[in-house]
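Hi,

Here is the structure I promised to pass on. Have a look at it first, and then read my notes below.

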Amino acid sequence: MIFSWAAGIIDAWLFLARSFKSMWRSAPGDLMALLVIRACGITAPGRRVASVAADEAAIVIEDPAAARYLDHQWIPVHAQTLGRYILARKTLDDHTLAHELEHVRQWQRLGPLFLPSYVAASAIAHLRHRPVYWGNHYESAARRRADLDCATSTPQTSGSSRIVSRPNASSCHWPPESSVPSL
Ligand SMILES: [Zn+2]
């Protein structure tokens, strides 16, 4: 009997520890995203997208109203990831979605440290006389992930969730550096 109590207490502790660890990492980005969604007047719930690259499903918001936020970035973007939320003004192609899912993973790994790290990576790129976006380490990683997924995979859809481990190669191409990027 005492062993079952001890096992129950340990299980509960592990559950709380996992929940807290996940919460402190995702909360800052998620909170920013929810503020942006509210400020833009977006009411659509978005779609959940699971990925082999991230621990938790991403929530993809594809709404023209997101332009109210995306159009006011330091460089024009057609999508941006904040925490688990991917904000876009229209339906994302598989390559861009795979790119953004890598950013979801980066948020989940670094939590509140992600944004300062991202800015630092752009500063380092600038010091190396490279473009602050294209030379950013996190952007390079996202492009590599999207290229890899697109080269080897096919999308799988199940209900409202979509497993983006293998996007269709025919729809996967990264635009040239002169085109509008996604962050
Ligand atoms: Zn990016």
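Let me start with α5, whose buried residues are Glu139, Ala142, Arg145, Ala146, Asp149 and Cys150. Looking down the axis of α5, you will find these residues inside an arc of 125°, so they line one face of the helix. The other side of α5 has Arg144, Ala151 and Thr152, which are exposed. The helix itself covers residues 137-152, 16 residues in total, and runs 23 Å from first C-alpha to last, close to the 22 Å expected at 1.5 Å a residue. Do keep in mind that this is a predicted model.

Part of the cover over the buried residues of α5 comes from α3 (94-110). With 15 of its 17 residues buried, α3 is largely enclosed by the rest of the structure. Its end C-alpha atoms lie 24 Å apart, which agrees with the 24 Å that 17 residues should span at 1.5 Å a residue. After α3 comes glycine 111, with a positive phi near 55°.

Now the wider picture. The protein chain holds five helices and six strands, in the order α-β-β-α-β-β-α-α-α-β-β from the N terminus on. Of its 183 residues, 31% are buried. If you take the contacts with a separation of 6 or more, 63% of them are between residues 24 or more positions apart.

On to the core. The largest nonpolar core has 25 residues, and the members that touch the most others are Ile61, Ile86, Leu87 and Ala88. At least two residues each come from α1 (2-40), β2, α2 (67-70), β3 (79-82), β4 (85-88), α3 and α5. The biggest contributor to this core is α3, with five residues. For a feel of the surroundings, try leucine 87: leaving aside residues up to four places away in sequence, leucine 87 touches Ala33, Val36, Ile61, Ala66, Tyr69, Leu70, Ala79, Gln80 and Leu82.

The strands are worth a look too. β1 (residues 47-50) pairs with β2 in the antiparallel sense, over three bridges, and arginine 47 sits opposite valine 60 in β2. By contrast, β2 and β4 run parallel and are joined by four bridges; there, glutamate 62 stands opposite alanine 88 in β4.

Is valine 60 buried or exposed? Valine 60 counts as buried, because it has 24 C-beta neighbours inside 10 Å, and 20 or more is the cut-off for that. It belongs to strand β2 (residues 58-62). Beyond residues up to four places away in sequence, valine 60 touches Gly46, Arg47, Val49, Ile86 and Leu92. You can also check valine 60 against leucine 97, which is 37 residues away along the chain: their C-alpha atoms are separated by 8.8 Å.

One last residue to click on is leucine 115, in helix α4 (residues 114-127). Leucine 115 has 15 C-beta neighbours inside 10 Å, so it counts as partly exposed. Leucine 115 and glycine 29 are 86 residues apart in sequence, yet 8.9 Å apart in space, C-alpha to C-alpha.

Cheers

Key:
Residues numbered from 1 in each chain as written. Predicted model: local features only at pLDDT ≥ 70, side-chain atom pairs only at ≥ 80, totals over all residues. Buried ≥ 20, exposed ≤ 12 C-beta atoms within 10 Å, placed from the backbone. Contact = placed C-beta atoms within 7 Å. Expected span 1.5 Å × (residues − 1). Arc of directions from axis to C-beta. Core = buried A, V, L, I, M, F, W, Y, C linked by C-beta atoms within 7 Å. Pairing = 2+ DSSP bridges.
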